[in-house]
Amino acid sequence: INLFIATANTQAAIDNFISMLSTDFFKVTTPDQFTIIAEENNKVYGAVSIFNKNHIALLFVDPEMQNNGVGKILIQKCIEKCKNNYPAIRSLTVSSSPNSLSFYKNSGFKVIEEEKNENGMRFSPMESD
């Protein structure tokens, strides 16, 4: 996980983010909060977690599988599930790290506020079209 967030954040922010992740984090499943995992032959290639009905809390894709559409498929599955659970939902939101901005833009998201820095974590609020 450090590989994905280290380039844009302080070590304290990285440590704080990693401390929030646990096995229990990924097990929580409600209509408001769920995780979709991309796997094949018992190998996990990616994961995306949704909080608060439509906010991407995290999205990771194995570096060996990046640029193969795994992330976009995970986002598409989230959009489908969110809209099925809550038909009034029109978009997803995400707090994108600087190194993920181009991925989200290429996935149909747009920046809706200037970059923020909270507790050493840099991010840009974004929303899907």
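This passage walks through the nonpolar core, the aromatic rings and the strand pairing of one structure. The model is a predicted one, and residue numbers count from 1 along the chain.

A good place to begin is the interior. In soluble globular proteins, nonpolar side chains tend to be buried together. Here the largest nonpolar core has 20 residues. Within this core, the residues that touch the most other members are Val48, Ile56, Leu59, Leu74, Cys78, Tyr104 and Phe109. Both strands and helices take part: β1 (34-40), β2 (43-51), β3 (55-61), α4 (70-85) and α5 (101-106) each supply at least two residues. The biggest contribution comes from α4, which gives five residues to the core.

Phe109 is a helpful residue to follow outward from here. Not counting residues up to four places away in sequence, Phe109 touches Ile56, Ile75, Leu92, Thr93, Val94, Tyr104, Met126, Glu127 and Ser128. One of these neighbours, Tyr104, brings the aromatic rings into view.

A pair of aromatic rings is described by the distance of the centres and the angle of the planes. Two aromatic pairs were counted in the model. In one of them, Phe103 and Tyr104 meet edge-to-face, with 5.2 Å from centre to centre and 70° between the planes. The other joins Tyr104 to Phe109, again edge-to-face, at 5.3 Å centre to centre and 75° between the planes. Through these ring pairs, Phe103, Tyr104 and Phe109 are linked into a cluster. How do the members of the cluster fare for burial? Tyr104 and Phe109 are both buried. Tyr104 has a relative accessible area of 5%, so it falls under the 20% limit for a buried residue. Phe103 counts as partly exposed because its relative accessibility is 26%, which lies between the limits of 20% and 50%. Another ring, that of Phe34, has a charged partner: the charged end of Lys81 sits over this ring, 4.6 Å from its centre.

Attention now turns to strand β7, residues 121-128. This strand is mostly covered, as six of its eight residues are buried. Which strands does β7 pair with? One partner is β4, which runs antiparallel to β7 and is joined to it by four bridges; here Ser95 has Pro125 as its bridge partner in β7. Strand β5 (residues 109-111) is also antiparallel to β7, with three bridges between them, and Lys110 is partnered with Glu127 of β7. Strand β6 (residues 116-118) is joined to β7 by three bridges as well, once more in an antiparallel arrangement, and Asn117 stands opposite Arg122 in β7. Together, β6 and β7 form a hairpin with two residues between them. In its turn, Asn119 has a positive phi of about 55°.

Glu127 also leads to a polar residue in a loop. Ser91 is found in the loop between α4 and β4 (93-96). Is Ser91 buried or exposed? Its relative accessibility is 14%, below the 20% limit, so Ser91 counts as buried. The side chains of Ser91 and Glu127 are joined by a polar contact of 3.2 Å. Leaving aside neighbours within four places in sequence, Ser91 is in contact with Asn54, Glu127 and Ser128. Glu127 and Ser128 also appear among the residues touched by Phe109.

Technical notes: This is a predicted model: local features need pLDDT of at least 70, side-chain atom pairs count only at pLDDT 80 or more; totals for chains, interfaces and linings use all residues. Side-chain values use heavy atoms; hydrogens and water are left out. A nonpolar core is a set of buried Ala, Val, Leu, Ile, Met, Phe, Trp, Tyr and Cys residues joined through side-chain atoms within 4.5 Å. Buried means under 20% relative accessible area, exposed over 50%, partly exposed in between (1.4 Å probe, protein chains only). Contact means heavy atoms within 4.5 Å. A polar contact is a pair of N or O atoms within 3.5 Å; within protein, one must be able to donate a hydrogen and the other to accept it, and residues adjacent in sequence count only if both atoms are side-chain atoms. Two strands pair if DSSP finds at least two bridges between them. Rings of Phe, Tyr and Trp (its six-membered ring) pair if their centres lie within 6.5 Å; planes under 30 degrees apart count as stacked, over 60 as edge-to-face and the rest as tilted. A charge sits over a ring if NZ of Lys or CZ of Arg is within 6 Å of the ring centre and within 35 degrees of the ring normal.
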